[in-house]
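Colleague: I'm new to this one. Please give me a close look at its buried interior, and take your time over it.

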Amino acid sequence: MNYSKSSKFDYNLIKIMNQVIVSGSLSRAAENLELSVSAVSLSINKLQQHLGLELFTRTAQGMKPTSIATNIHESFSRAIGIIDDVVYTAKHQEHSMLTLKIMCSDLMENYYFQTFYQQRDFSDTLVSFTNLMILNHDDCVKNLLQVSNDIILSNFPLTHNSITSVEVDCDDEFVVVCSNSSLLAAQEFFTLYHYYTLPHAVYCHNEKQGRRSTFTCKVSSEYTGMIKVIYDSSSINGVITAVESSEMISIFPRKVAEHFMQKRHSKLMMFPLPDEILYEKLVTYASFLTCSVKSQAVYNMVSSLRCVEIN
């Protein structure tokens, strides 16, 4: 690139390239930008000539960006997101509070943030939640880089040189819950027989390939079998309500079960799991852009989440 002429550079070329990446083809980009396909193609060629680099390769699936194009796209999206935040803040400074956009699962919203607001004063911050529908690492990274959200809470860390991921919680003790009016509630112990014969309500998260249980277990090989799942949902309140009103059982981290029983007064009873059933440790991470216009507010929120006393 000829840096001596960068002041004369037409940044609309970057905007057009970005739309081609997002759209996946020249024709869809042209339609979204209300330009002709030839105008979009000409702009891409001008940008490639200016950089002296190829930005796309043609595939059967459409226009595939090169690594250079992807880097420019991520930087452009991040810059536009920051500019949008600054403009919005300047325009509404006297009439509104800071907005933090958080993407997390329904469980995390109900579990962490209800207790969080009982213990912390964030009355000057509007927290806007989006349920976590993206479970793919790269899609989560892209979501943050495009400033679609300020914080993502997930059960895996994000690896990118512009993103920080910190552990905010770890659950390693799981229990089974049932309705406090169920037949199981009258029993002294919960056994493997109960585990395999009683119907299960399963809290799930959505993936591109379908639903998958959020909590995964391993059963000693000599006791393996199939459980009977008759209800699954990505709504934690849906699972709790289903268990309260039936003979179904469900598996939760102990802290989650205690939270719903003590803080939400859910009509549940809790049993320890048999030794033969081992659930994998569940770690929760908060991921965010290392540098952004909202960095201080994000750091304060994440630090507060790490200090919340759930029990």
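Modeller: Here is a walk through the interior, with a word on the model to begin.

This is a predicted model, where local features need pLDDT of at least 70 and side-chain atom pairs count only at pLDDT 80 or more, while totals for chains, interfaces and linings use all residues. Residues are numbered from 1 along each chain as its sequence is written, and side-chain values use heavy atoms, leaving out hydrogens and water.

The largest nonpolar core holds 54 residues; such a core is a set of buried Ala, Val, Leu, Ile, Met, Phe, Trp, Tyr and Cys residues joined through side-chain atoms within 4.5 Å. "Buried" is under 20% relative accessible area, exposed is over 50%, and partly exposed is in between (1.4 Å probe, protein chains only). I151 and F252 have the most contacts inside this core. Domain 2 (97–170 + 283–307) and domain 3 (174–280) both contribute residues, so the core lies between them; the bounds come from an automatic or database domain assignment. Beyond neighbours within four places in sequence, I151 is in contact (heavy atoms within 4.5 Å) with residues including I102, M103, L144, F288 and V302. Apart from this core lies another, of 18 residues, among them I16, I44, L55 and F56.

Now for S250, which sits in strand β12 (residues 249–253); strands are DSSP runs of E, at least two residues, numbered from the N terminus. S250 is buried, with a relative accessible area of 1%. Its side chain reaches the backbone oxygen of A201 at 2.7 Å. A201 is also on the contact list of S250, together with V175, V176, V177, V239 and V243, once neighbours within four places in sequence are left aside.

Note on methods
Helices (H or I, at least four residues) and strands (E, at least two) are DSSP runs, numbered from the N terminus. A polar contact is a pair of N or O atoms within 3.5 Å; within protein, one must be able to donate a hydrogen and the other to accept it, and residues adjacent in sequence count only if both atoms are side-chain atoms.
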